[in-house]
Amino acid sequence: MTEELFREDATLLHCAAVVTGQGEGGVMLDRTVCYPLGGGQAGDTGWLVSGERRWRITDTRKSKEQPGAIVHLVDGEPPAVGMAVQIEVDAARRQAHRRFHTATHLLCALLPFPVDGCSITETYARLDFHTDEPFDKEAIQAGLARLVAEAHPVGHRWITEDELDANPGLVRSMSVQPPRGLGRVRVLEVEGVDLQPCGGTHVSNTAEIGAVVVTKIEKKSAKTRRVVLGFAG
Ligand SMILES: [Zn+2]
């Protein structure tokens with residue numbers, strides 16, 4: 001098991017950790033600030049540091065072999081099991097993920113259709129909605145700008161699986177169901193705007209999203225409309 005520090009605080013960019021295993025192209029650590037690829041959001045990159053030595057973390061993934069462990073992919077010979085390391089997240093990339101990810105929650109509030117695809121990267125975010133209704137690019141962009149300017153607080157809390165089952169409307173995504181079997185589910189609330197299960201990294205207030213623009217609206221299929229976001233300027 002890897003302790004997931006990023007779930008409680010997405011602003012954490014450093015932590016001390018110990019290498020607990022090697023494999024799958026990298027190392028497992030006892031705890032981490034690195035978000036692993038999932039829920040449409042890209043994995044973090046960064047560095048592992050031990051004294052004078054530095055290893056580039058090229059990606060972060062959930063382990064396929066050890067449930068609950070997180071693999072930090074590194075270039076070259078990985079640090080040895082038992083070694084104490086410092087983890088440093090690539091801060092600029094993380095901040096882009098946090099801003100775009102929170103912006104996708106605003107899109108969910110503006111476009112009340114089921115979500116059937118999502119991708120959050122450093123340079124763009126895209127969300128696919130299950131609908132055949134036409135989308136108005138200017139209206140969506142104006143709606144995003146308004147919700148950013150209104151500076152809504154963003155926070156998370158944990159609910160039981162029973163509470164989730166009693167509120168099936170909380171699950172907006174058709175393609176990604178919240179993880180089950182842990183007894184609790186993390187829900188993300190943009191106060192007064194959006195509430196849904198989500199394990200990703202977000203900003204703490206919509207004002208931090210800053211200027212985002214709708215770069216493209218595509219008809220991906222008869223029943224799918226894709227919205228792509230970018231940063232302005
Ligand atoms: Zn989210």
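In this predicted model, Gly 26 stands opposite Leu 73 in strand E7. The pair belongs to a longer match: strand E3, residues 26-29, and strand E7, residues 70-74, pair in the antiparallel sense over 3 bridges. In general terms, strands of a sheet pair through backbone hydrogen bonds, and the pairing may be parallel or antiparallel.

E3 and E7 take part in a wider arrangement. Together with four further strands they close into a barrel, in the order E2-E3-E7-E6-E5-E8, and the pairing is antiparallel. From one strand of this barrel to the next, the twist averages 45°.

The loop between E2 and E3 contains Glu 24. Its phi is near 55°, which is a positive value in a residue other than glycine. Is Glu 24 buried or exposed? Neither word applies in full: Glu 24 is partly exposed, because its relative accessible area is 28%, a value that lies between the limits of 20% for buried and 50% for exposed residues.

Strand E2 covers residues 14-23, and Val 19 lies within it. With a relative accessible area of 2%, Val 19 is buried, since the limit for that term is 20%. Which residues surround Val 19, once its neighbours within four places in sequence are left aside? Val 19 is in contact with Val 27, Met 28 and Leu 29, and also with Pro 79, Ala 80, Val 81, Gly 82, Met 83 and Val 85. Of these contacts, Val 27, Met 28 and Leu 29 fall within the residue range of E3. As a further reference point, Val 19 and Lys 64 are 45 residues apart in sequence, and their C-alpha atoms are 17 Å apart in space.

The discussion now turns to a second sheet. Here 4 strands form an open sheet in the order E9-E10-E15-E14, and the pairing is again antiparallel. E9 and strand E14, residues 212-221, stand at the edges; each has a single partner strand, so one side of each is left without a neighbour in the sheet. Neighbouring strands of this sheet are turned by 15° against each other on average, direction ignored.

At one edge, strand E9 (residues 115-120) and strand E10 (residues 125-130) pair in the antiparallel sense over 5 bridges. A hairpin of 4 residues joins E9 to E10, and within the pairing Ser 119 stands opposite Arg 126 in E10. At the other edge, E14 runs antiparallel to strand E15, residues 224-231, and 8 bridges join the two. One of the matched positions is Lys 216, whose bridge partner in E15 is Val 228.

Two helices pack on this open sheet. Helix H2, residues 91-110, touches E9, E10, E14 and E15, and its direction makes about 140° with that of E15. Helix H3, residues 137-149, touches E14 and E15, and its direction makes about 135° with that of E14. Beyond H3, the loop that leads to strand E11 (154-160) holds Ala 151. Ala 151 has a positive phi of about 55° although it is not a glycine, and with a relative accessible area of 31% it is partly exposed.

Helix H2 also contains Thr 102. At 0% relative accessibility, Thr 102 counts as buried. The side chain of Thr 102 reaches the backbone oxygen of Arg 98 at 2.7 Å. When residues up to four places away in sequence are not counted, Thr 102 touches Val 154, His 202, Val 203 and Ile 209.

One of these contacts, His 202, leads to the metal site. Which protein atoms act as donors of the zinc ion? They are NE2 of His 101, NE2 of His 105, SG of Cys 198 and NE2 of His 202, lying 2.0 to 2.1 Å from the ion. Along the chain, the donors follow the spacing H-x3-H-x92-C-x3-H. Why is the arrangement described as tetrahedral? The 4 donor atoms subtend angles of 98 to 125° around the zinc ion, and four donors count as tetrahedral if all angles lie between 85 and 135 degrees. Two of the donor residues can also be described by their accessibility: Cys 198 is buried, with a relative accessible area of 14%, and His 202 is buried, with a relative accessible area of 6%.

Note on methods: Residues numbered from 1 in each chain as written. Predicted model: local features only at pLDDT ≥ 70, side-chain atom pairs only at ≥ 80, totals over all residues. Heavy atoms only, no water. Pairing = 2+ DSSP bridges. Donors = N, O, S within 2.8 Å, 3.2 Å for Na, K, Ca; no water. Tetrahedral: all angles 85-135°; square planar, octahedral: opposite > 155°, others 65-115°. Buried < 20%, exposed > 50% of the residue type's maximum accessible area, 1.4 Å probe, protein only. Axes fitted to C-alpha atoms, helices over the stretch in contact; angles between N-to-C directions. Contact = heavy atoms within 4.5 Å. Polar contact = N/O pair within 3.5 Å; in protein donor to acceptor, adjacent residues only side chain to side chain.
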